[in-house]
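Student: I am new to this structure. Please take me through one part of it closely, with the terms explained as they come up.

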Amino acid sequence: MMRLKCIAIDDEPLALKLVETFVQQTPFLELVGTCDSAVNAMNLLQEQPADLLFLDINMPNFSGMELARWMHQQNTPMPKIIFTTAYNHFAIEGYKVNAVDYLLKPFNYEEFLRAAANALQLTQAAASSVPNTQPEDDYIFIKVEYQWVRINYKDILFIEGLKDYVRIHLNTPEKAILSLTSLKQLEERLPTTKFLRVHRSFIVSLDSITAISKNSLFVGKDEIVVGEQYREAFKAIMQKWLI
């Protein structure tokens, strides 16, 4: 999964420490610098590229908004910006400099995570429009309560849809984990070379299938019926395996 290099900028030590702590709790974020002023951040950005800034607005001498405008004038790729401020009247100005999100102090980790995930999604969407020559990842990060947990593809047996949740069945000591997401959203993120939707309520790991019958498959002792609308795609893949 993509990781975003981040810089936290705030003239309040406690606020800066809070953002630093939240970044360290988030697997897809990597903290590469902290600054107590926009001037220091401007200097750091010329030496240390970043994908995302957590930027306070109301700072002395040179504000966060002025730093954002300065970055717009540079002929270099501009990092995503999430503004952090105690004043909500800056929101309109934030949109003018294409801010990803706007966190009003005091904010909690859930609000922080939502904004960071939005920045990740936008960055991934931009990257997907460029031909990718890098090897395919062999893992995925899944949100479990207030954490993003890394799961290796090889550890997934099958995934079960449960209304607003999915249960991911694993061949690890955890056996299964529950995540607040939809099966459709997960299907879109998983590689089609490794996983197949076989029912409106099930996605299976192709490597974990141990037996097949006319309209069902087995993952160990678990039998999963192949839904009617998924049978043609399933049979097409199975034909490559059968002698």
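Tutor: What follows is about one group of salt bridges and the helix that comes after part of it.

The model is predicted, so local features need pLDDT of at least 70 and side-chain atom pairs count only at pLDDT 80 or more, while totals for chains, interfaces and linings use all residues. Residues are numbered from 1 along each chain as its sequence is written, and side-chain values use heavy atoms, leaving out hydrogens and water.

First, the setting. The chain has seven helices and 15 strands; these are DSSP runs numbered from the N terminus, with helices being H or I of at least four residues and strands E of at least two. Of its 243 residues, 45% are buried. Buried means under 20% relative accessible area, exposed means over 50%, and partly exposed lies in between, using a 1.4 Å probe and protein chains only.

Now the salt bridges. A salt bridge here is a side-chain nitrogen of Lys or Arg within 4 Å of a carboxyl oxygen of Asp or Glu. The whole structure holds eight of them. One of these pairs K105 with E12, at 4.0 Å from N to O. K105 sits in the loop between β5 (101–104) and α5 (109–128), and E12 in the loop between β1 (4–9) and α1, so the bridge ties together parts 93 residues apart in sequence. K105 counts as buried, at 19% relative accessibility, whereas E12 is partly exposed at 41%.

K105 also forms a salt bridge with D56, where the closest N and O atoms are 3.5 Å apart. D56 belongs to strand β3 (residues 52–56), and 49 residues separate it from K105. D56 and K105 are both buried.

Elsewhere, K154 and D155 form another salt bridge, with closest N and O atoms 3.5 Å apart. Here K154 is exposed, with a relative accessible area of 63%, and D155 is buried at 16%. Shared partners join D10, E12, D56 and K105 into one salt-bridge network.

The helix comes next. Helix α1 covers residues 13–24, and its 12 residues should span 16 Å at 1.5 Å a residue; the end C-alpha atoms are 16 Å apart, which agrees. The expected span is 1.5 Å times one less than the number of residues. Within α1, the residues A15, L16, V19, F22 and V23 are buried. Seen down the axis of α1, the buried residues fall within an arc of 125°, so they line one face of the helix; the arc is taken from the directions from the helix axis to the C-beta atoms. On the other side of α1, P13, L14 and Q24 are exposed.
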